[in-house]
Amino acid sequence: MPLIREYDAVKDLYKLCADRDLVMARIGYSDSDQIQGIVRGAACFGRERGLKKVPIGIFATVGHYIMQQLPRYLSSDHRLPSEGGDPAEYRRRCFRNGRLAAGFLEILTDPADSDFGHVHVTHHYDHGHHTLPGGIVSQNELLREPEFLDLFSSVMFDDTHSPFDRNVEHSIAYKKLLEVSRRRKVLEGCLEEVAAGGQGLEKSDFTDPHKIVEYLDRTGFDLVVPNIGTESIHAKAVGVQWQVLEQIHKLGVGHRLIVHGFSSIRTLSVPEQRRLGALGVVGMNAWSYIPQAIGPALLERSELIRKYKDAQKGYPVGFDAQGNPHYNPSKDANVFFGPVLDQVRDLKVKLIAESVYEILKNLGYDRLAA
């Protein structure tokens, strides 16, 4: 089925991209509207080009100390156990939200669905922290709960608050734990903390290419996240360290790199974005642009709807290119209530879909037609 969770099938999807020097777009979500926008944008791109299979990744963080996405899926009033939240209630919320998200993806991308069935999706558990800043073992993750991991295709085991050798040691132990539980997942590691809220980048240098090789060799992990300068501090681009990627490529790592920091990547020219794939980058995470760029557009639309409410005509049902409102005189309840209940949601889905379409275009997804 298009929601791909089995280990070999997930690996095959990455291989499909690797064989074409293509970076798989992996977009984050924190609610079902965002999931729909991501899948809709990928489906539109594939449909226009006659693609039978459009591979994308969809991810969420769980207990990330900067931003928790999955706990916010239905509402944003959660409290992390490390900050005094009830562990049992937090676990219940995460399990429920994870099941909702995976179920939504399964239904949306059903092979029989003519709109979205050609989109093949991986569901990624991002930034699963073994340790929090200060080396404290995280209480906020569900990394060791096999039934929870069944909802995902891959896991980023993040032990970047441990020294390198301890990181390797913990990564090996985690891989063995999954094998014992008969839960084989595509595993992704990280050597040093990539920036999150400005913390990691200020404390760590760019990745040593030889450490990438050592980490993969010793842990047996499938993928790894290098720090190549693409992460940003408050959306301020740092700059891609091409020499790091080139050296990793020369060492023969292959297509096993995942980059974070779309805020920086989207400032690159299209040829440079596509060059990432030729240097072994097989996946790219993007999400922060959604609240940073699309969020304000939704607030502006909400303000316009209220501003142009007319005592006789009701709420505007849309706006032209100049921002002028237009109304629908119909007394149909869908028209009467639609602007209030649907318009901002529909715009949210539309803007995310358009952004994903552009991401796939820039990364060179046309290569899948060959």
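Student: What is particular about the phi of G252, the residue that follows α7?

Tutor: In this predicted model, the phi of G252 is positive, near 80 degrees, and this glycine comes after α7.

Student: Which residues other than glycine have a positive phi, and where do they lie?

Tutor: Among them are D21, whose phi is near 50 degrees, and R182, whose phi is near 60 degrees. D21 belongs to the loop between α1 and β2, while R182 is found in the loop between α5 and β8.

Student: Why is R182 called exposed, and what is D21 called?

Tutor: Exposed requires a relative accessible area over 50%, and R182 has 78%, so R182 counts as exposed. D21 has 31%, which falls between the 20% and 50% limits, and therefore D21 is called partly exposed.

Student: Going back to α7, which of its residues are buried, and how do you know that they line one face of the helix?

Tutor: The buried residues of α7, which spans residues 242-250, are W242, V244, L245 and I248. Seen down the axis of α7, these buried residues fall within an arc of 160 degrees, so they line one face of the helix. The elements that cover them include α6, β10, α9 and β11.

Student: What makes H210 in α6 partly exposed, and which residues does H210 contact?

Tutor: The relative accessible area of H210 is 48%, which is under the 50% limit for exposed and is not under the 20% limit for buried, so H210 is partly exposed. Leaving aside neighbours within four places in sequence, H210 is in contact with Q247 and L251. By C-alpha positions, H210 and P316 are 59 Å apart in space, with their places 106 residues apart in sequence.

Student: Why is α9 called roughly perpendicular to α12?

Tutor: The axes of α9 and α12 come within 8 Å and cross at roughly 75 degrees. Angles from 65 to 115 degrees count as roughly perpendicular, and the crossing angle therefore makes α9 roughly perpendicular to α12. The residues that meet are V270, Q273 and R274 in α9 and K361, N362 and L363 in α12.

Student: How do you know that N362 is buried, and what does N362 touch?

Tutor: N362, which lies in helix α12, has 15% relative accessibility, and since buried means under 20%, N362 counts as buried. Not counting residues up to four places away in sequence, N362 touches V270, Q273 and R274.

Student: Why is S264 called buried, and which helix holds S264?

Tutor: S264 is in helix α8, residues 262-265. Its relative accessible area is 3%, under the 20% limit, so S264 is buried. The C-alpha atoms of S264 and G229 are separated by 8.3 Å, although these residues are 35 residues apart along the chain.

Student: How do you know that the span of α10 is close to the expected one, and where does α10 bend?

Tutor: Helix α10 has 19 residues and reaches 27 Å from its first C-alpha to its last, which is to be set against the 27 Å expected at 1.5 Å a residue. The helix bends by about 35 degrees at G295, and a proline, P296, follows within four residues. The buried residues of α10 are Y289, I290, I294, L298, R301 and I305.

Conventions: Residues are numbered from 1 along each chain as its sequence is written. This is a predicted model: local features need pLDDT of at least 70, side-chain atom pairs count only at pLDDT 80 or more; totals for chains, interfaces and linings use all residues. Side-chain values use heavy atoms; hydrogens and water are left out. Helices (H or I, at least four residues) and strands (E, at least two) are DSSP runs, numbered from the N terminus. The expected span of a helix is 1.5 Å times one less than its number of residues. The bend at a residue is the angle between axes fitted to the seven residues ending there and the seven starting there. Buried means under 20% relative accessible area, exposed over 50%, partly exposed in between (1.4 Å probe, protein chains only). The arc is that of the directions from the helix axis to the C-beta atoms. Contact means heavy atoms within 4.5 Å. Axes are lines fitted to C-alpha atoms, for helices over the stretch in contact, and angles run from 0 to 180 degrees between N-to-C directions. Angles under 35 degrees count as roughly parallel, over 145 as roughly antiparallel, 65 to 115 as roughly perpendicular and the rest as oblique.
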